[in-house]
Amino acid sequence: MVTKEIQTGVFVHVLPTKQFATTHIAVNFTQQLNRQTLNGRVLASNMLETASAKYSSQTKFAQALSEMTGAAFGTEVFKVGQLHTVRLQLNLVHERFTTAGSHILNDGFDFLNEVINRPIGDGIAGFTSVIFNRQKEMALDEVAGLREDKPYYALREALQAYFGISDQALPAFGTIDGLEATTTQQAWQVWQDSVAHDRIDIVVVGDADFNKVIAATNQFNFAPRRQLLQATYHQNLLPQVKQVKSQDEVTQARLVLGYTLMSNSDERFIANVFNGLFGGLAISRLFLNIREAAGLVYGISSDYNPYTGLLLVEAGVDQINLAITTTKINEQLQRLQQTLVSEEELAIVKQLLKTSYTMTLDQPLYLADRLYNQQVLHQKLTDEAWLAKIDAVTAEQVQAFAQRAVLQLQYEMVGGNANGD
């Protein structure tokens, strides 16, 4: 992989490989998570995916992609700790599969330049209102629709309860109130500010010549910028466990337990192994003992976020079994805190983690995402080093890591009324 800072705060990363028949380009705009800009960035992202000044309708937009031998384009927004990113992704067929004389890589960067620097609208009126209002309605419908995804909705309510008024509680894709309040002018200005001030990482994965990529990116004409980004969010311990019970139209209750478990970057492999043992894999303690052996839950898993220091356990459970399930989950955590895991169990978990990692190396989308994370989060490792770091984790390290977990949140979503009747 070769990296060049083509302008202060603007980076190009190229991973040359003949492994794929396509060239994948991802352009990432990253800033600190900010309540004032988040919803505007979401709506701007939707606009960039739909039209531009040159491609002023969805038909023209689709035709432009079709002329690049059926290129695929899309945008997304996501959070990594305290960072918020707007990502534009373009997937191109490699030139060796196109007609002679084709310059599809340059065409792809021309297209991205149009989308990024010449969105549909102007600095006075903002984004073109007809298209903008349609995109806003679609975004609002999508957010409202998540209300019916009970596992997701329970998790969002749990996170809101834990993080409280902090911006960290905000979902990456915005809120209904925030989206509704965002105007065409506000979204336009938020995007112009993002282009001018965000850290930008352009990632290219495929059989691409580095010098040609650099030449193609010059047309973006990005100005220098300085973004001092901090992904890690720290929340002080709550004085007591926060207990929240909500009522909803569910036949299966939802249980979310949250533990604070702060870690540093050197411990991320220990955290991976710990989470795999606890509830992150299909052979985890939670899955085998609480779902399979005890039959208390329909599904159960754990997830650890190293950037917020939050360990979450989610379960779907009959309402009558909420109390005993909570007890059993804490018992499994206590086992990891008090007793060393066997070498056999540790080896199985490590092998599953390594296999999962190795399988993703055949996916250009994952490779581009990993390159972005390595650069922005300063976690540069070769594949071999990553696998070796997993192998090096010891049972003693897992136990010491588990011992730092402190229960902070117990969230229950129940049917009927919140008293369980």
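**A first look at salt bridges, a sheet and a pocket**

Glu412 counts as buried, because its relative accessibility is 9%, under the 20% limit used for that word. Welcome to this predicted model. Glu412 is a good place to start, since the side chain of this residue meets that of Lys245 in a salt bridge. From there, the briefing moves on to other charged pairs, then to a sheet with a helix across it, and finally to the largest pocket.

**Salt bridges between distant parts of the chain**

- How many salt bridges does the structure hold? The count is 16.
- In the bridge between Lys245 and Glu412, the N to O distance is 3.4 Å.
- Lys245 belongs to strand β9 (residues 242-247) and Glu412 to strand β13 (residues 406-414), so this pair ties together parts that lie 167 residues apart in sequence.
- Buried or partly exposed: which word fits Lys245? With 43% relative accessibility, Lys245 counts as partly exposed, whereas its partner Glu412 is buried.
- Arg404 and Glu267 also join their side chains in a salt bridge, at 2.9 Å from N to O.
- This pair, too, links distant parts of the chain, 137 residues apart. Arg404 sits in the loop between α15 (395-402) and β13, while Glu267 sits in the loop between β10 (253-260) and α9 (268-280).
- Arg404 has a relative accessible area of 36%, so it is partly exposed. Glu267, at 16%, is buried.

**A salt bridge within one helix, and a network**

- Lys328 and Glu331 form a salt bridge whose closest N and O atoms are 3.8 Å apart.
- Where do Lys328 and Glu331 lie? Both are in helix α11 (residues 322-338), three residues apart, which is about one turn of the helix.
- Lys328 is partly exposed at 30% relative accessibility, and Glu331 is partly exposed at 33%.
- Glu76, Arg87 and Asp369 are joined by salt bridges into a network.

**The six-stranded sheet**

- An open sheet is built from six strands, which follow the order β1-β2-β8-β3-β5-β4 with mixed pairing.
- Which strands stand at the edges of the sheet? They are β1 (2-7) and β4 (72-80); each has a single partner strand, so one side of each has no neighbour in the sheet.
- From one strand to the next, the twist averages 20°.
- Within the sheet, β3 (residues 22-32) and β5 (residues 83-93) run antiparallel to each other and pair over eleven bridges.
- Thr30 has Thr85 of β5 standing opposite.
- Helix α1 (residues 38-48) lies across three strands, β3, β4 and β5, and runs at about 165° to β4.

**The largest pocket**

- The largest pocket holds about 1,600 Å³ of space.
- Which residues are closest to the centre of the largest pocket? Of the 43 lining residues, they are Asp303, Tyr304, Asn305, Pro306 and Tyr307.
- Several elements give two or more residues to the lining, including β4, α5 (150-163), β11 (297-305) and β12 (310-317). Helices α12 (343-360) and α13 (364-376) are also among them.
- Helix α9 provides the largest share of the lining, with six residues.
- Strand β4 is therefore worth finding on the model twice: it is an edge strand of the sheet, and it is one of the elements that line the largest pocket.

Conventions
Residues are numbered from 1 along each chain as its sequence is written. This is a predicted model: local features need pLDDT of at least 70, side-chain atom pairs count only at pLDDT 80 or more; totals for chains, interfaces and linings use all residues. Side-chain values use heavy atoms; hydrogens and water are left out. A salt bridge is a side-chain nitrogen of Lys or Arg within 4 Å of a carboxyl oxygen of Asp or Glu. Helices (H or I, at least four residues) and strands (E, at least two) are DSSP runs, numbered from the N terminus. Buried means under 20% relative accessible area, exposed over 50%, partly exposed in between (1.4 Å probe, protein chains only). Two strands pair if DSSP finds at least two bridges between them. Axes are lines fitted to C-alpha atoms, for helices over the stretch in contact, and angles run from 0 to 180 degrees between N-to-C directions. Contact means heavy atoms within 4.5 Å. On a 1 Å grid over the protein atoms alone, a cavity is a set of points where a 1.4 Å probe fits but cannot get out, and a pocket is an open set with protein on both sides within 12 Å along at least five of seven lines; lining residues have an atom within 4 Å of a point. Grid points are joined across faces, edges and corners, and a volume is the space filled by probe spheres set on the points.
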